[in-house]
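Let's take a look at a ligand and the protein around it, and then at a sheet. Have the picture open as you read.

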Amino acid sequence: MTRIDGHTILIGLMAYPIRHSMSPTMHNTAFEALGLNYAYLAFDIDGPQLADGVKALRTLDMRGANISMPNKQAILPHLDQLDQSAELTGAVNTVVNDDGVLTGYTTDGIGFVNDMKKKGHDVKGKKVLVVGAGGAGIPIAAQSAIEGAVEIRVANRQDDHLQNAKDIAQTINDKADAVASTLALEDEEAFKEALAWADIYVDATGVGMKPLEGKSLVENPTWLKKDLVVYDTVYAPRTTKLMEVAKDAGLQAVYNGLGMMIEQGAAAFKLWTGQDMPIDKVEAAMVAKDKENEQRTSH
Ligand code: NAD
């Protein structure tokens, strides 16, 4: 690549395992399209190496990094400050280095909110029901609160994540200008009542993708009112069972999570470069990379 020279600014991805990640394709395509002298590289870094990874970020004067599992919580003590998105979620997926001051952000929820805005749905003033309180559900609940949703309910089945649901609801009540509560997914009446109450329903469970492809937490179209906005964080397949049920119920606003995935990257890109990611070009490059990966694994 001719654009790499002595002035190239480095951005990294620190996670393990990481070789499957689409983020290098996403960001390098965008740098090239805009003629920006940046490069994005993936680094296999897990728990014990994380402190050295952050030190390298400072030493090499990198502009920043994406952080993924298993480092999203562990990185917190290594940073100088946190944006509200990271403070509420207790996790970081993006680090920005401003002259040696490292700030942590979580852009997944920002990605959700921005994608919704592009689709014509502002979460401001809305009642949001989020099912699932993991890596996707927590930032979606938190960012909805930051962006002015009036009330948020987080539903979870009775597993290890139920406590996460309670924790994020408590944090929102304590630190954001919104009201939050939880419900157990097993309580079918409470779940149906919450669906009738909500303006926006987000499924952040992964039910609907492999190995649960063809399944949905809502099987009965009569549970969904016509003006409900339905957002499934799954993006493979592009149409999930929940989306089919919602379309059968006559809903107009039914979305998969592809836009959120791209917008979380675009939000990080903007933080590092100050520029808008050229989304059409990035999407095309990611589809091509997907195909290349499929061909490689089928041979
Ligand atoms: P996670 O493992 O951190 O959390 C999963 C959550 O779903 C937990 O709350 C768990 O209790 C719940 N859950 C799991 N199986 C369930 C079931 N059968 N019934 C009811 N609840 C169930 O996972 P995650 O990282 O939050 O990812 C969840 C989904 O969101 C995945 O499909 C992932 O691909 C997607 N995701 C999308 C984006 C995006 O940008 N679109 C980003 C992150 C994750």
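Before we dive in, keep in mind that this is a predicted model. We can start where the ligand touches the protein: one of its oxygen atoms is 3.2 Å from a polar backbone atom of Met261. Taken alone, the ligand would expose 850 Å², and the protein buries 76% of that.

Here are the polar contacts with ligand oxygen atoms, side by side.

| Residue | Atom on the protein side | Distance to a ligand oxygen |
|---|---|---|
| Ala133 | polar backbone atom | 2.8 Å |
| Asp159 | N or O atom in the side chain | 2.7 Å |
| Met261 | polar backbone atom | 3.2 Å |

Where does the ligand sit? You'll find it in the second largest pocket. There are 23 residues around the ligand, and the ones that come nearest are Ala133, Gly135, Ala136, Asn156 and Asp159. Sort that shell by class and you get 12 nonpolar, 9 polar and 2 charged residues.

Now for the sheet. It's an open one with 6 strands, in the order S9-S8-S7-S10-S11-S12, and the pairing is parallel. Why do S9 and S12 each have one side without a neighbour in the sheet? Strand S9 (179-184) and strand S12 (254-255) stand at the edges with a single partner strand each, so one side of each is left without a neighbour there.

Let's zoom in on one pair. Strand S10 (residues 200-203) runs parallel to strand S11 (residues 229-232), and the two pair over 4 bridges. To spot one of the partnerships, find Ile200: its bridge partner in S11 is Val229. In general, strands of a sheet pair through backbone hydrogen bonds, either parallel or antiparallel.

How values were computed:
Residues are numbered from 1 along each chain as its sequence is written. This is a predicted model: local features need pLDDT of at least 70, side-chain atom pairs count only at pLDDT 80 or more; totals for chains, interfaces and linings use all residues. Side-chain values use heavy atoms; hydrogens and water are left out. A residue is near a molecule or strand if one of its heavy atoms lies within 4 Å of it. A polar contact is a pair of N or O atoms within 3.5 Å; within protein, one must be able to donate a hydrogen and the other to accept it, and residues adjacent in sequence count only if both atoms are side-chain atoms. Accessible areas come from the Shrake-Rupley method with a 1.4 Å probe; for residues, only the protein chains shown count as cover. On a 1 Å grid over the protein atoms alone, a cavity is a set of points where a 1.4 Å probe fits but cannot get out, and a pocket is an open set with protein on both sides within 12 Å along at least five of seven lines; lining residues have an atom within 4 Å of a point. A molecule sits in a cavity or pocket if more than half of its atoms lie within 2 Å of its grid points. Ala, Val, Leu, Ile, Met, Phe, Trp, Tyr, Cys and Pro count as nonpolar, Asp, Glu, Lys and Arg as charged, and the others, Gly among them, as polar. Two strands pair if DSSP finds at least two bridges between them.
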